[in-house]
Structure formats: C-alpha cells, structure tokens
Amino acid sequence: MYLNSGIRPFLLPVRGRVAATTLSAVAAAAFSIGVAFGLADVTGALLRWEEGGASAVAAALAATTACAVGRGLCLWLRDQLAMSTAARVKRAVRARVMGRIYELGPGHTWSGGRGGVQSTAVDGVEHLQGYIGFYLPQLLVSWIVPAGLLVVLTLVAPTVAVLVLVCVLLVPFAQRLWRLVLRDRARDHWDRYEAFADRIGDTVRGLPTLVALGAQDRRRAHLAASAEELREATTANMRASLGVSAVMSAAMAVGTAGATLTAAFEAARGTLPLESVLLVLFLSAECFRPQQELSGYWHEGFYGIAAIGAITRLLDTPPPVRDRGPEAPEGVPDTAPAVTFEHVDLTFPGAAEPALRDVSFTVPAGATLAVVGASGAGKTTLGRLLLRDMDPDSGRILFDDRDLTDLPLTGLRRRTARVAQDVVLLSGTIRENIAFAAGPEGEGGTGPRRERVASAIARARVDDVAAHLDAGLDSPVGEGGRLLSGGQRQRVALARALAADARLLLLDEATSALDAENEALITEVLRAERGTRTMVVIAHRLSTVAHADLVLVLEHGRVAEFGPPAGLAAAGGRWAQLVAAQRVGIGDTR
Ligand SMILES: Nc1ncnc2c1ncn2[C@@H]1O[C@H](COP(=O)(O)OP(=O)(O)OP(=O)(O)O)[C@@H](O)[C@H]1O
C-alpha cells in the first residue's frame, strides 16, 4: 500500500473521477456477490428439482447471467474512467511541470542534471497518472470490497467470516510494514534513476567527443556502474515487494482453504445448507481478489510514490528570479533601453570568489557595448544578469531608470534576445526556427510578422545558407541544429534574434564559430542595427567589436576600464594592450 500526503494537490482536481472509478469497481464487486448468490440459487434449484423444476433453474440462471453482464459493464466503465482520469492528470501535471521549468529558466542549475529533470517531466508524470488513475481507485476498492463481502459472509457463515477477516487483515499489515522500509527507498531509487538518465543523455550528447577521445570504453564502464546502482536499488525494492506478495499468497491460501474446510465441516454438521457452501467459497475467494488485483498495480504504486516526491520537489523549487508579473509597477519599454549597472556584486553558490564585484557603468539607449576580458573574467555572468537569468547579490541593474526586478519577466524576455556561445536550434526547419522567435502576430515587435521574419532572414543572410540546401529555408536543422555547420547555426541564431525584434540584443562570443566572411557579415549587421537597439557584445576577437560605442574591460570580475574605444586605446591601458596583442585597428574601423 503506497500512500503519500504529497498526493493531495494532484488528486484534488480529479477526486470526483477517482471516486467514480472506485464506485464502478465496487459495483462490479456487488454484481459478483449477485453472481455468487445466483449460482447458489442455481445449485439449490438443481438440488430441489422436484420443487421448482426447469423454470426455477432457468430463473436463477437468468438472474446470474444478468449479474455477470452487470459486472462486465461496471468493469468496462471502471477502465474507461481510470484511463480518462489518468489522461487528465497527465495533461494537468505536465503543464504544471513544464510551467515550472520555464519559470526556473536558464538561471537554475539542475541538481539531477538535465537528464534528471527530463525523467521527472516525462517518466515521473507517466507514473503519477498511473498512480492516480489506476492504483488509488484499486487501493480504495481493496478496503471497501472485502469489508462489504465480510458483512455478507458474516450473515451466511459467521465462523468462516472471522477466519477470512484475520487473513485479509494480514495483507495490509504486511504492506504497512514493508512501506516503512520502502519509503526512503522510493526516493533513493528515483535519485539513481535520474542520475542514470542524465548520464545516458550526456553520453548521447557527448558521443562525438567520446569517440574523438577514444573514451567509449571508459564511459561504458562508468555507465555500467550507474546501471548497476540502479539495478541494486530496483532489486531491493522488488525483494520487498515479493515479501508482501508471499504474505498475501499465504494469507489467501490459508484463508480460502480454512474457509473451505470450515464450510464443509459446518455443512456436514448440518449447520450450513449445502448450496451455501458454494456461496461461502465464492465470497471468501472474492475477499482476496481486490488485494490480488492491487498487487498487479505494484509498478504504478511504487513508482507513483517516487514520482510524487520528484515532481513535488521540482514544483517547490524556488525560481532564481522573482517575477512580479502583472503586479509589476512598470511595463517594459518598447524602445532601446539605456542600461545601467550600479555596484553589482554576484557570487555563485558554493564559489570561493565573486564572479562580479562592484560593477558599475551606463550604456546610453541604442549604443553598442563591447565587453572584453580574459577567460573567467565575468563577461558571460554580466550578460546573464542583464537578461535576468539571475539577480545580483547586491547592487541594481536598470533599464532606463527602471530597476530590472520591477519589470514583468515575460515582457522583459520578449524585448531582449541573446545569441549565445553555444547556439542551440530547436528541431524543425530553418524557417520555423526563425518564425518561432517572431512570436504570435501583433506581439513581440513592429510590423507584420511575415515581414519581420523575411527581413531577419535577409539581414542575417540566412538565404545564402539556404541556397546550398535542397529544401532551402524549409530544410530541417536536426536536433539542436546539428545538421548545420557552426557558422550556419550562428546565422540562424542571429536571424532569430533579429526576428524577435528585441530592443536589447546580447551577443555572447557570437563570432566564435564564424569564418572571416561570416564575421564580416555579423559586424555589418551589428553596425546596421546600431541605434535601433541597445547591443551588448561579448567577444574575445576584437575585430567584431570594432564598431562598439563603448568598451568595458573586465578583470577578475571588476571593471578594469570603461569608455569609448578610441579614448581607451589612446590612454594606453588594458584595452590598448589587448588591441595591440590582436593587432586590430579599432580607431580605423570606426
Ligand atoms: N554556474 C556557475 N556556478 C559557479 N561558478 C560559475 C558559474 N558560472 C560561472 N562561474 C564562475 O564565474 C566566473 C566568471 O565566469 P564567466 O563565465 O562569466 O566568465 P567569462 O568571462 O565569460 O569566461 P569565458 O570568456 O571563458 O567564457 C568564473 O570563475 C566561473 O568559474
């Protein structure tokens, strides 16, 4: 018996359906009793043929058949209701889980890895629907039906009823005992399951790297160890469940055998009519049937309990940023914002050193800021704060003069776009990837959607990419965009950002995957977009930020230099050294 108070919020919306499923099953059991009485009547009519003859037998048979048909109908109804309840639970819980995943956003670090959260969202929800749709009604039936049958049995043969009662009670007692052992194991099992799923996902994603390093065998051993841990956890649970099954089988065997012997003994003594013997045997066996059927739902019960824990933990995870939503005092401006960082500090949880310390600067509306600095200087972190993946520990970030935390997140995300270092495209075609970013008609930008998409495709020169593909813009990009080259992916990502018509554009090392031709194109696009949107460009290659209005040099999370590039170049500081190192004529290109 797997019950958990955490089920309440998932159960409440479908409680009526669960009750209806249970009632159908109970009605089926009631018809079973009817069948038992009917068969007893048939036997009685046959034994007393001379009293009623064929008509009495026929009447008893007709009543028995009607009850059998009624039982069949009730069981059909039970299954229909259970399936539709399960489907509803799945729809509702998956929507909540996915909603939470979106809320947690890119700033959240998944403790169980991405594979782990995928298991919760896919397998966890599957188990939960089975638990609520099938296991719970059967659990209720396994209490209600034996109780009802024992009342009837008491009226027919009280001694047999007492014996069956003792045996029936043995089963939940054993289950309760095992549940105490299993409670922690369900969590442990799920944790191992998530870890295993995450490692499999990592292996599939990292396959090219593994093959290139010739590390498949080491990875295989790693996976085998993880699979072994999962097997051990599963076996431990199976063993526990087999223990309950053994107790149940023993209780059933003793109960039915005891009932048979007692009934036979009473019949021999003449205290029980002969036709009632059959009835007693039937009712005794029926008392155990719901528990036997419940054990058929062991999988749903055990995994359902584990899934409730995993889903609840996911739903209870606080998002890294608080969305004030409709309560937000400010709307998000539809113009390119001026961006201000005021004494921003950020230390990642568990990190020894702050990633950003006392960062302050202002970028005027529509200007382009180049953020440069050594690896680990804090450039990406600054970009993540700007798009509100997370909030600073102290200090403020302002769009115009509005604190970012006062803006509704949905609006903020609609008016900001990022071309990240590791471009991930969604499965679908090139056109779908770009059109998807443009949002629904009338939202997310100026001008009709179709025109915005076409213009973004042209500006990022995605049509040049499409010209080399058989299906042009309708060519599939593959999972994550793997059917395109790195440079092609970057162009699609840039077109996507342009189609979103965001007022703030963040490019994080957007040129890292580009050849010289692509790099020149992106530089040209950035130049063309200047003024219409505020742009923050994070780059190691200074040629792509040659057009920037302002440069921010970060060192160990601090602002080392900030100002127009020509002024910084003349000052001969850190920026000048970087430029000299890369021999880029920044002053000339502006
Ligand atoms: N999620 C994280 N958890 C803990 N520490 C992090 C996390 N992300 C970044 N850091 C740390 O914060 C510091 C700044 O990282 P960041 O990625 O911002 O640097 P960067 O300048 O963008 O580097 P690169 O040029 O190599 O991409 C680094 O020391 C990094 O190890």
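**Exercise 1.** How do the residues of the shell around the ligand divide into nonpolar, polar and charged?

*Solution.* Before we start: this is a predicted model, where local features need pLDDT of at least 70, side-chain atom pairs count only at pLDDT 80 or more, and totals for chains, interfaces and linings use all residues. Residues are numbered from 1 along each chain as its sequence is written.

Step 1: find the shell, where a residue is near a molecule if its C-beta atom, placed from the backbone, lies within 6 Å of it. Among the residues surrounding the ligand are Thr109, Phe348, Ala351, Gly373 and Lys379.

Step 2: sort them. Ala, Val, Leu, Ile, Met, Phe, Trp, Tyr, Cys and Pro count as nonpolar, Asp, Glu, Lys and Arg as charged, and the others, Gly among them, as polar. The shell comes out as four nonpolar, seven polar and one charged.

**Exercise 2.** Which helix gives the most to the shell around the ligand?

*Solution.* Helices (H or I, at least four residues) and strands (E, at least two) are DSSP runs, numbered from the N terminus. Helix α10, residues 379-386, gives the most, with three residues.

**Exercise 3.** Describe how β9 and β10 fit together.

*Solution.* Step 1: two strands pair if DSSP finds at least two bridges between them. Strand β9 (residues 550-555) and strand β10 (residues 558-563) have five bridges and pair in the antiparallel sense.

Step 2: pick one bridge. Leucine 554 has valine 559 in β10 as its partner.

Step 3: look at the turn. Two residues lie between the strands of this hairpin, and histidine 556 in the turn has a positive phi of about 50 degrees.
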